[in-house]
Amino acid sequence: MKRLGWQLWFGIGLVMLSVALYGVHYLLFKDTHHIFIYMVGDIAFLPFEVLLVTMVIHRLLSEREKQARLEKMNMVIGVFFDEMGTKLMRSFSEIDPNVDGIRKELLVKDNWSEQEFARASDHLRKHDYAIESEGIKLEMLTPFLVEKRDFMLRLMENPTLLEHESFTKLLRAVFHMTEELHARKNLRELPPADSAHIANDLKRVYVLLVHQWLDYMKYLKTNYPYHFSFAMRTNPFDRTASPTVQ
């Protein structure tokens, strides 16, 4: 209401200023005919001016702002993968007995087109992800996740991520997995039912990670070829991956 009141009074002030200026014009030139000719002309141009400002300039500014937000979001996502995302994917892929079903689809190349990224994404949606929690050293994974908890909290506090639903969902899944693992005193001797529960938490993170990573690779290829080159050379699904340029 306060903002509306300020805008209302500002509008009234502008109208009164316009009336006063027209009054000064009349006092100086005593020519109402000239005043009304230009007034009607200005009013006639007003709809076109509104169209230009609201539908053209506003759209251009919105697109520019959207690109700036997208840039910031992907910078944050890149930091996440550098800090922990890539390591988690590598760990999960090693305990996925069906990983060979998606490995080929995730060997991203620098000549991939939009269609190839779309095909890979479609293939990932159909993949039967299977995580065997017994195959991963949970007692080693847990300290790593706990150590990164403050880092993840800082990511969650970043306002640019509020519009990125899929990445926010991924962070929440990683938080939940961290709390589940940290709450257990003995991760080496879990009951079968609890082991299945943990495996489901790991699987949820794994699925979200893979999809987010593919989207991020697509973004890098389009916008930052040098980052994309490094990401290809450290691909967690490539058994021959090496940061060294051959």
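Mentor: A residue counts as buried when its relative accessible area is under 20%, as exposed when it is over 50%, and as partly exposed in between. The model under discussion is a predicted one.

Trainee: Is Thr-86 buried or exposed?

Mentor: Thr-86 belongs to helix 2. Its relative accessible area is 19%, and the limit for burial is under 20%. Because 19% satisfies that limit, Thr-86 is classed as buried.

Trainee: Which residue offers its backbone oxygen to the side chain of Thr-86?

Mentor: Leaving aside neighbours within four places in sequence, Thr-86 is in contact with Phe-81, Thr-234 and Pro-236. A polar side-chain atom of Thr-86 lies 3.1 Å from a backbone oxygen, and a polar contact requires a pair of N or O atoms within 3.5 Å. The backbone oxygen in question belongs to Phe-81.

Trainee: Thr-234 is among those partners of Thr-86. Which residue supplies the backbone oxygen that lies 2.9 Å from the side chain of Thr-234?

Mentor: Thr-234 is located in the segment after helix 9. Not counting residues up to four places away in sequence, Thr-234 touches Thr-86, Arg-90, Ala-241 and Pro-243. The oxygen at 2.9 Å from a polar atom of its side chain is that of Phe-230.

Trainee: How many Å separate the C-alpha atoms of Thr-234 and Thr-244?

Mentor: Thr-234 follows helix 9. Along the chain, Thr-234 and Thr-244 are ten residues apart. Their C-alpha separation in space is 9.2 Å.

Trainee: Is Thr-178 buried or exposed?

Mentor: Thr-178 is part of helix 7, which spans residues 165-182. Its side chain reaches the backbone oxygen of Val-174 at 2.8 Å. Because its relative accessibility is 1%, Thr-178 is classed as buried.

Trainee: Which residues does Thr-178 touch, not counting those up to four places away in sequence?

Mentor: Some of the partners come from the contact of helix 5 with helix 6, to which Leu-145 and Val-146 of helix 5 and Met-152 of helix 6 contribute. Beyond four places in sequence, the residues touched by Thr-178 are Leu-145, Val-146 and Met-152.

Trainee: How are helix 5 and helix 6 oriented, and why?

Mentor: Helix 5 (residues 138-147) and helix 6 (residues 149-156) pack with their axes 4 Å apart, at an angle of about 45 degrees. Angles under 35 degrees count as roughly parallel and those from 65 to 115 as roughly perpendicular. The angle therefore makes the orientation of helix 5 to helix 6 oblique.

Trainee: How many charged residues are in the contact of helix 5 with helix 6?

Mentor: Helix 5 contributes Leu-145, Val-146 and Glu-147, while helix 6 contributes Arg-149, Asp-150 and Met-152. By class, this contact has three nonpolar residues and no polar ones. The number of charged residues is three.

Trainee: How are helix 8 and helix 9 oriented to each other?

Mentor: Their axes are 6 Å apart and meet at an angle of about 140 degrees. Roughly antiparallel packing would need an angle over 145 degrees. The relation of helix 8 to helix 9 is therefore oblique.

Trainee: Which residues touch Leu-220, leaving aside its neighbours within four places in sequence?

Mentor: Leu-220 lies in helix 8 and, because its relative accessibility is 4%, is classed as buried. Leu-220 is one of the helix 8 residues that make the contact with helix 9; the residues of that contact divide into six nonpolar, two polar and one charged. The partners of Leu-220 are Pro-225, His-227, Phe-228 and Ala-231.

Trainee: Which helix gives the largest share of the largest nonpolar core?

Mentor: This core has 56 residues, of which Phe-80, Phe-92 and Leu-141 touch the most other members. Elements that give two or more residues to this core include helix 2 (32-94), helix 4 (114-126) and helix 8 (192-223). The largest share, 13 residues, comes from helix 8.

Trainee: How far apart are the C-alpha atoms of Phe-48 and Met-177?

Mentor: Phe-48 lies in helix 2 and, because its relative accessible area is 47%, counts as partly exposed. Phe-48 and Met-177 are 129 residues apart along the chain. Their C-alpha atoms are separated by 56 Å.

Technical notes:
Residues are numbered from 1 along each chain as its sequence is written. This is a predicted model: local features need pLDDT of at least 70, side-chain atom pairs count only at pLDDT 80 or more; totals for chains, interfaces and linings use all residues. Side-chain values use heavy atoms; hydrogens and water are left out. Axes are lines fitted to C-alpha atoms, for helices over the stretch in contact, and angles run from 0 to 180 degrees between N-to-C directions. Contact means heavy atoms within 4.5 Å. Ala, Val, Leu, Ile, Met, Phe, Trp, Tyr, Cys and Pro count as nonpolar, Asp, Glu, Lys and Arg as charged, and the others, Gly among them, as polar. Buried means under 20% relative accessible area, exposed over 50%, partly exposed in between (1.4 Å probe, protein chains only). A polar contact is a pair of N or O atoms within 3.5 Å; within protein, one must be able to donate a hydrogen and the other to accept it, and residues adjacent in sequence count only if both atoms are side-chain atoms. A nonpolar core is a set of buried Ala, Val, Leu, Ile, Met, Phe, Trp, Tyr and Cys residues joined through side-chain atoms within 4.5 Å.
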